[in-house]
Each structure stands twice: as structure tokens, then as C-alpha cells.
Amino acid sequence: MITSNAKRGIVRDALGIGVATGAYAVSFGAISVTAGLSIAQTCALSVLMFTGASQFAFVGVIAAAGSPWAGAATAVLLGTRNALYALRLTTLLKVSGPRRLLAAQLVIDETTAMAIARDEPAQSRFAFYATGAAVFSLWNLGTLAGALATHALPDPKVLGLDAAPSAAFLALLAPRLRAREPLAIALAAAVVALLCLPFVPPGVPLLIVAVLVVFYGVFSR
Amino acid sequence: MIWAAVLVAATACYALKLAGLSLPQRLFQDPRVQRTVPLLPVALLAALIATQTFSSGGKLVFDVRAAALAVAGVAVLLRAPFLVVIVAGAATAALLRLAF
């Protein structure tokens, strides 16, 4: 069972995460419109894709004059980790039927972290849905606000918004670099991407890096 | 074409989430899958940072965005929240463009 005290604590944490990601979504909306996507396309990404790193990658590739399909491929590759999150959550959530279709869309970094941080399965489930509801609402609200505000600007580049995606990717990458291997892989990936950049269409260096890292993961050791 | 890519990518991202909740667990328990999947975001995010910062229209360039990235890096090291990191990067680029 789950006490009302525990519930209150979880809701408070969920709202805190929701507000933080909502603020982050404002920058996503701004970056997306700056990249040339319409307000509707920007909001569709937040509602339908609903996984931050993939969304930033999609609009980032388009901003760098890459093909939307290169952006789509990068977004999907970044989304593969959600499958592993979902796998970890299966035993905690125990969902089936139509409810599983809803729960699946909420499987992201934040909800997974909140759910597995709890010891009790009932608390895990509550934390998952509370965080999912808070982040989904505020992420989409923030996206719309950022998109509308940027749409009203005459030239978003004046605000340095073209430099914003790199900062966003850095903020997403930093927590994953706490060991030597990921740090080495990050540096190697950056160098490889820059080396092939002049010779292939925009966005393609990312796919080359993805293929190489899959080979490394599968065949090393 | 952007719409088609949005819808295809969003559907695929959703399918990945649903697959994790639905497919037999043993499919994902292969140690090679467990090892490779967490490395993908590390490599892709690093490659995105490099290409977004040092390229313009398919050419290697070095401009105010490099300084913006450095400032964002300092903000990350200081454990600043996400939004502060982004605003610090964008503001650096904007101010440098204003100054030069």
C-alpha cells in the first residue's frame, strides 16, 4: 500500500521535475521554430515523439541544413534507450491491454528514474504515472510557449538561439560521462563526425558514428 | 517532407518504448544489446555537439558558437540547471555577435 504522506512526497518531486523539464521545453520550442519547423510540427514532436534528446536531435539536424530523414534516423537511434528503460519498468508497472499503450508513451529518462528510485512497487507505479503526467503536460505547454514566442521574433539568431542546440546536447551528455569508457567514446565520436563532415551530406556523420559505435559495442571485449 | 519525417520518427520512437514493455525480456538481455544501447546516446550527443558547433552549410567553421559551447561547458561543470546551461550558451553567442 501507499500512504498519503508518501503520495504527497512523490507528487511534489514529480511537479518539481515537471517544472524543470517544462522550462527546458521552452528552449526546445524556440530552437525548433528557429530551425524552420512550423509551430504545429514543433508541438507534434512534443506530443507524439515525447522524448527530449530525440526531439532536440531531429530539429538540430534540420537546423544544420540536414535532411529531415537524417534527423529522423538520429532521433530514432537516440530513442533506442527508451526500449531498455521500458524493459526495466515491465516488472514494476505490470501493465497490459490499452493501459500499456498509454504507459509506453510515458517511458522516458525522468519517469524511469523516479519509478526505479522507489522500493515499493505501488510507490514505483504511482511515481511513474505522477511524473509522466507532470512532465507530459508541462513539456507540451513549454514547447507551445517557446514556439509561439520565437515565432513572434523577427530574427531568432539575434538571441543566439542557433548556439542553443549544442548547449542543450552538452547538458544531456554530461551526466552520461562519469566513467572513462563513455568519455573516450564521446571524444572519438566528435572527432569522427568532424572528419567525415566535409565529405558527406549534413546529418550523415551522425549515422556513420552510430554504425561505428554499434560495431564497437557488439564486437569489443 | 518535414511532416512525414516527424510522423515516421515519432511512430518509431513510440514503437521502441512499446517494444520494451511488450516483447519477451530475453530479446533485450543479450549482453551485447545491454552494452551497446547506452553507448549510442553518448556517441550521438557528442557527434551532434561537434557538428552543430563547428559546421555551417556542410563546411567546417570556427565561430562564436565555439565560445558559446565553452561557456555552456563551464555551466555544466558548475552543475547549473539545464535551462541555465542553454541560456548561457545562447547569450554568449548573442553578445559576441553584438560586440564584433
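Trainee: How do you know that chain A and chain B touch, and how many residues are involved?

Mentor: This is a predicted model, and the contact takes 79 residues from chain A and 64 residues from chain B. A pair counts as a contact when the C-beta atoms lie within 7 Å.

Trainee: Which elements make up the side of chain B that touches chain A?

Mentor: Helix 1 (2-22), helix 2 (31-54), strand 2 (59-60), helix 3 (64-77) and helix 4 (82-99) of chain B each give at least two residues. Helix 2 of chain B has the largest share, with 21 residues.

Trainee: What makes up that side of chain B by residue class?

Mentor: There are 46 nonpolar, 13 polar and 5 charged residues on the side of chain B that touches chain A.

Trainee: Can we zoom in on one residue? What does B:Leu44 touch?

Mentor: Skipping its neighbours within four places in sequence, B:Leu44 is in contact with A:Ala57, A:Thr74, A:Leu77, A:Leu78, A:Leu206, A:Val209 and A:Ala210. B:Leu44 also shows up among the best-connected members of the largest nonpolar core, alongside A:Ala167, B:Ala43, B:Ala46 and B:Ala47. That core has 107 residues.

Trainee: Why is this core said to lie between the domains of chain A?

Mentor: Because domain 1 (4-176) and domain 2 (179-221) of chain A both give residues to the core, it lies between them.

Trainee: How far apart are the C-alpha centres of those two domains, and how many residues does each bring to their contact?

Mentor: The C-alpha centres of domain 1 and domain 2 of chain A lie 24 Å apart. Their contact takes 12 residues from domain 1 and 9 residues from domain 2. On the domain 1 side, helix 4 (residues 68-93) of chain A has the largest share, 5 residues. By class, that domain 1 side has 7 nonpolar, 4 polar and 1 charged residues.

Trainee: What secondary structure does chain A have?

Mentor: Chain A has 10 helices and 0 strands, so its pattern along the sequence reads α-α-α-α-α-α-α-α-α-α.

Trainee: Why does the radius of gyration of chain A agree with a compact globule?

Mentor: For 221 residues a compact globule would have a radius of gyration near 17 Å, and chain A has 19 Å, which agrees. The C-alpha atoms of chain A fill a box of roughly 60 × 55 × 30 Å along the principal axes.

Trainee: And what share of chain A is buried?

Mentor: Buried residues are 52% of the 221 residues in chain A; the cut-off is 20 or more other C-beta atoms within 10 Å.

Definitions and conventions. Residues are numbered from 1 along each chain as its sequence is written. Chains are lettered from A and ligands numbered from 1 in the order in which they are written. This is a predicted model: local features need pLDDT of at least 70, side-chain atom pairs count only at pLDDT 80 or more; totals for chains, interfaces and linings use all residues. Helices (H or I, at least four residues) and strands (E, at least two) are DSSP runs, numbered from the N terminus. The radius of gyration is taken over C-alpha atoms; the globule rule is 2.2 Å times the number of residues to the power 0.38. A residue is buried if 20 or more other C-beta atoms lie within 10 Å of its own, exposed if 12 or fewer, and partly exposed in between; C-beta atoms are placed from the backbone. Ala, Val, Leu, Ile, Met, Phe, Trp, Tyr, Cys and Pro count as nonpolar, Asp, Glu, Lys and Arg as charged, and the others, Gly among them, as polar. A nonpolar core is a set of buried Ala, Val, Leu, Ile, Met, Phe, Trp, Tyr and Cys residues joined through C-beta atoms within 7 Å. Domain bounds come from an automatic or database domain assignment.
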